[in-house]
Amino acid sequence: MTTGFELPEEQEGPKEPAPVAPDDVWGAPPPSDLPPAYPPEEEAPVAGAPPTQAELASPPASVSAPLPWESTEGVEPGGPEELRPVDLVRKWILDSVPVLQPIELPLQEAQGCVLAADIVAQLDLPPFSSSGMDGFAVRANDVAEATPQNPRQLRIVGRVAAGQQPDATVGLDEAVRIATGAPVPAGADAIVPVEQTSLQGEGVLVLAPVKEGAFIRPAGQDVKAGGLLVPRGRRIAAPELGLLASAGFSSLLVHPRPRVAVISTGDELVEPGRPASFGLIRDSNSFTLFGGVRDAGAEPFLGGIVRDDVDQLRETVLGLAIRADCFISSGGVSVGERDVVKKAFFRRAEIDFYKVAMQPGMPQGFGMIEGKPYWGLPGNPVSVFVSFEVFIRPALLKMMGRHDILRPEVTAVLETDVGGPKEKTVFARVRVTRLGGEWHAASTGPGQSNLISTVAKANGLAVIPPGTETMPAGTKVRVMLFRALEDDG
Ligand code: AMP
Ligand code: MG
């Protein structure tokens, strides 16, 4: 029986790290070769659908030989030794996660979400011709000769304020007093600003000529009825909110934010607010992931700390399923006897466990629980951060209907030697600065995956391709930026 999680055939079998082209830092097609866009109308793909209960109960009589990384009933957790290239794992994950079905959200809640359908103006915008100044609505022809020395006198036949309907029309040598934003009365074709007039008895003296159309904001000048206001696929930000509100829309059809359950596993874990006796450590991963999920625009919630107990983990995850669109757990995916995530989800082939040719973050699990993506990350805090950035953040963006799902990258000159195992893609924590028109990247500390302060000091991950053991200072390297350069405070 297969998991349905296989990689493309040509990728089967043990892999030697491929020779790496200079700009091919992932060891395979660069990220730009990934499917660039996930059109909103795309049906939710379920490439990694878990086997059905029926399939599990009666496996097919003859099965082809499992791929090295396939989980198969009866096989002990422990997993294959083959390392999967980072880019292939990411592509497989991205192909497996669905774009969430659109829902209608009130304007304010739609901010940051991707529009699922074109929005067309139902009426002209602005909806009626209005005055752009406080003054008098007139016929331009009547005041064509007006000067301060030889003012033109008009009869005031009415007045109109913003929000009112004009109570008069403008005829020969007539004027209607008008406020900014008020509808232009019939007959008038220009506004004389109040500064160019002076009141006299029942009338008004106009001291200067105005051109036809002066200070009138015509109906439909901004967008005509039937015109496109915002195209689908656009991420809703402040300008779109204002435009759509002005066109009368109070809710929008958008791809929702995934609700992401974040779970930490480990007998040694304590919440940050509680005392930690000797040997216990604080649960930091829940908070790293919470921050990363929220930063991606999705909605995290903490599922808490689960002890290294298979039944408790299954119960917790299944209990959270009703509130979650996907799950992220950390810890328990390796080969230790307490590796509870693997034990809980391996045998039923719901989650595929494998090793990625990367450092940090090698052991990983991914699959579908109740049809919802589940990421099982390793426990070390830096592995959690890097795995989230490389695999989960782009997938969450895809689920939200986003097209531009990868972090921006710059090419930077290394200021320090950086390296790691030759057969892996190494993601090194660096601080990027711009010096004399060039990007520079300095390591923020040693590469061990428990050193979380090295992440807090960094703003980028330098990507050292497989096939390279050490990149010496002075070499140019690709850096994924995980915070905006102005985010320092
Ligand atoms: P594991 O993958 O469960 O073997 O964990 C690997 C390492 O990460 C161990 O040193 C754990 O104590 C540590 N670790 C696991 N979960 C967390 C967590 N939520 N916060 C901080 N460290 C953790
Ligand atoms: Mg553990």
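The following paragraphs describe a predicted model, beginning with a sheet and moving on to a lysine and a ligand.

An open sheet is built from 6 strands, arranged in the order β9-β6-β8-β7-β11-β10, with mixed pairing. The edges are taken by β9 (190–193) and β10 (197–200); each has a single partner strand, so one side of each is left without a neighbour in the sheet. On average, neighbouring strands of this sheet are turned by 40 degrees against each other, direction ignored. At the β10 edge, the pairing with strand β11 (residues 203–206) is antiparallel and runs over 4 bridges. Within this pairing, Leu199 has Val204 in β11 as its bridge partner.

Attention now turns to Lys424, a residue in the loop between β25 (418–419) and β26 (425–435). Is Lys424 buried or exposed? Lys424 counts as buried because 25 C-beta neighbours lie inside 10 Å, where 20 or more are required. Leaving aside residues up to four places away in sequence, Lys424 touches Ala357, Met358, Gln359 and Pro466. Lys424 and Val86 are separated by 338 residues in sequence, yet their C-alpha atoms are 8.7 Å apart in space.

The last region to consider is the surroundings of ligand 1. There are 18 residues around ligand 1, of which Ser264, Asp283, Asn285, Gly331 and Gly379 come nearest. By residue class, the shell around ligand 1 comprises 12 polar, 4 nonpolar and 2 charged residues.

How values were computed: Residues are numbered from 1 along each chain as its sequence is written. Chains are lettered from A and ligands numbered from 1 in the order in which they are written. This is a predicted model: local features need pLDDT of at least 70, side-chain atom pairs count only at pLDDT 80 or more; totals for chains, interfaces and linings use all residues. A residue is near a molecule or strand if its C-beta atom, placed from the backbone, lies within 6 Å of it. Ala, Val, Leu, Ile, Met, Phe, Trp, Tyr, Cys and Pro count as nonpolar, Asp, Glu, Lys and Arg as charged, and the others, Gly among them, as polar. Helices (H or I, at least four residues) and strands (E, at least two) are DSSP runs, numbered from the N terminus. A residue is buried if 20 or more other C-beta atoms lie within 10 Å of its own, exposed if 12 or fewer, and partly exposed in between; C-beta atoms are placed from the backbone. Two residues are in contact if their C-beta atoms, placed from the backbone, lie within 7 Å. Two strands pair if DSSP finds at least two bridges between them. Axes are lines fitted to C-alpha atoms, for helices over the stretch in contact, and angles run from 0 to 180 degrees between N-to-C directions.
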